[in-house]
Amino acid sequence: MFATTPLRIVAVSAGLSQPSSTRLLADRLAAATRERLAAEQDRDVEVRVIELRDLAVDIANHLVSGFPSATLREAIDAVTEADGLIAVTPVFTASYSGLFKSFFDLIDNTALTGKPVVIAATGGTARHSLVLEHALRPLFAYLRAVTVPTSVYAASEDWGSSGDEYTEGLPSRIRRAGGELASAVLGRTVSGASRTPGLDDGEDAVVPFEQQLADLRLD
């Protein structure tokens with residue numbers, strides 16, 4: 001890839017309402033990723049957000065007919081060709097939404113191989129936060145993507161909260177996840193270990209992105 005080619009970050013939002021907290025979370029994760037990428041390299045960064053709400057009829061028709069519309073095909077191509085992916089869904093019945101799952105059902109199970117992904121979700125209560133580990137992370141493991149260590153769940157009470165001395169607030173988690181995605185896109189350790197550790201970095205040991213990719217290919 002030529003150094004002048006922009007880095008492409010695509011965020012997929014499955015929010016249904018307008019305005020949507022799911023879209024807001026996708027926008028903030030994309031902005032955090034763009035900010036880190038712009039600070040650490042010289043290439044342009046292109047960000048696109050795909051609203052699945054606008055593609056709902058096309059997705060249903062494709063599932064029935066097997067033929068995608070031009071608009072849906074372009075959205076699928078944008079996801080599979082992205083350098084980094086952000087996937088955000090509202091929580092429905094303790095899992096990802098049907099619209100979210102239907103869209104990713106249309107993507108070939110090898111098309112995201114090795115692609116770095118941030119998974120995120122929104123919901124009315126923090127009790128549903130485990131959906132990230134029980135539903136979203138296995139979904140992207142099946143698609144052979146590489147999910148970064150930090151996933152982001154935003155409950156209603158998280159918006160406008162900066163946390164306290166015992167917990168991280170939503171803005172801090174967004175910055176950390178965006179930094180990990182940026183580092184993975186650049187082929188560095190997903191924690192951004194090449195820079196000076198900051199307040200947004202966790203204390204857990206991290207696995208280099210290259211090792212994650214190598215482990216993924218073992219299957």
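These legends go with a set of close-up views of a predicted model.

Residues are counted from 1 along each chain as its sequence is written. Because the model is predicted, local features need pLDDT of at least 70 and side-chain atom pairs count only at pLDDT 80 or more, while totals for chains, interfaces and linings use all residues; side-chain values use heavy atoms, with hydrogens and water left out.

**View 1. The whole chain, with its seven helices and seven strands.**
Helices here are DSSP runs of H or I with at least four residues, strands are E runs of at least two, and both are numbered from the N terminus. Starting at that end, the order reads β-α-β-α-α-β-β-α-β-α-β-β-α-α. Of the 219 residues, 48% are buried (buried is under 20% relative accessible area, exposed is over 50%, partly exposed is in between, using a 1.4 Å probe and protein chains only). Take the contacts (heavy atoms within 4.5 Å) between residues at least 6 apart in sequence: 76% of them join residues at least 24 apart.

**View 2. Helix α4 and what packs over it.**
Helix α4 covers residues 98-105, and its buried residues are L99, F100, S102, F103 and F104. What lies over these? The cover includes the helices α2 (56-65), α3 (70-81) and α5, plus the strands β1 (7-13), β3 (84-92) and β4 (95-96). As a general reminder, an α-helix has 3.6 residues a turn, so residues three or four places apart point the same way.

**View 3. A cluster of rings made by Y96, F100, F103, F104 and F140.**
The whole structure holds five aromatic pairs. Rings of Phe, Tyr and Trp (its six-membered ring) pair if their centres lie within 6.5 Å; planes under 30 degrees apart are stacked, over 60 edge-to-face, and the rest tilted. F103 and F104 make an edge-to-face pair, at 5.2 Å centre to centre with 85 degrees between the planes. Both of these residues, F103 and F104, are buried. F104 also pairs with F140: the centres are 5.1 Å apart and the planes sit at 75 degrees, so this one is edge-to-face too. That second pair ties distant parts of the chain together, with F104 in α4 and F140 in α5, 36 residues apart. F104 and F140 are both buried.

**View 4. Strand β7 beside strand β5.**
These two strands, β5 (residues 116-123) and β7, run parallel and pair over four bridges (DSSP has to find at least two bridges for strands to pair). Which residue stands opposite Y153 of β7? It's A121. V152 and A154 point one way from β7, Y153 and A155 point the other way, and all of them are buried.

**View 5. The second largest pocket, with about 200 Å³ of space.**
Of the 13 lining residues, A126, S129, Y153, D158 and R173 are the closest to the pocket centre. On a 1 Å grid over the protein atoms alone, a pocket is an open set of points with protein on both sides within 12 Å along at least five of seven lines, and lining residues have an atom within 4 Å of a point. Points are joined across faces, edges and corners, and the volume is the space filled by probe spheres set on them; the probe is 1.4 Å. Helix α5 (131-142) and strand β7 (152-155) each supply at least two lining residues, and β7 gives the most, with three. By type, the lining splits into six nonpolar, two polar and five charged residues. Here Ala, Val, Leu, Ile, Met, Phe, Trp, Tyr, Cys and Pro count as nonpolar, Asp, Glu, Lys and Arg as charged, and the others, Gly among them, as polar.

**View 6. P6, in the segment before β1.**
P6 and D42 are 36 residues apart along the chain, yet their C-alpha atoms are separated by 9.6 Å. Which residues does P6 touch, leaving aside neighbours within four places in sequence? R43, D44, E46 and D83.

**View 7. Backbone oddities in loops, starting with a cis peptide bond between Q18 and P19.**
Omega at that bond is about 5 degrees, and P19 sits in the loop between β1 and α1 (21-40). T93 isn't a glycine but has a positive phi of about 50 degrees. T93 lies in the loop between β3 and β4, and its relative accessibility of 80% makes it exposed. R144, also not a glycine, has a positive phi of about 65 degrees. R144 belongs to the loop between α5 and β6 (146-147) and, at a relative accessible area of 30%, is partly exposed.
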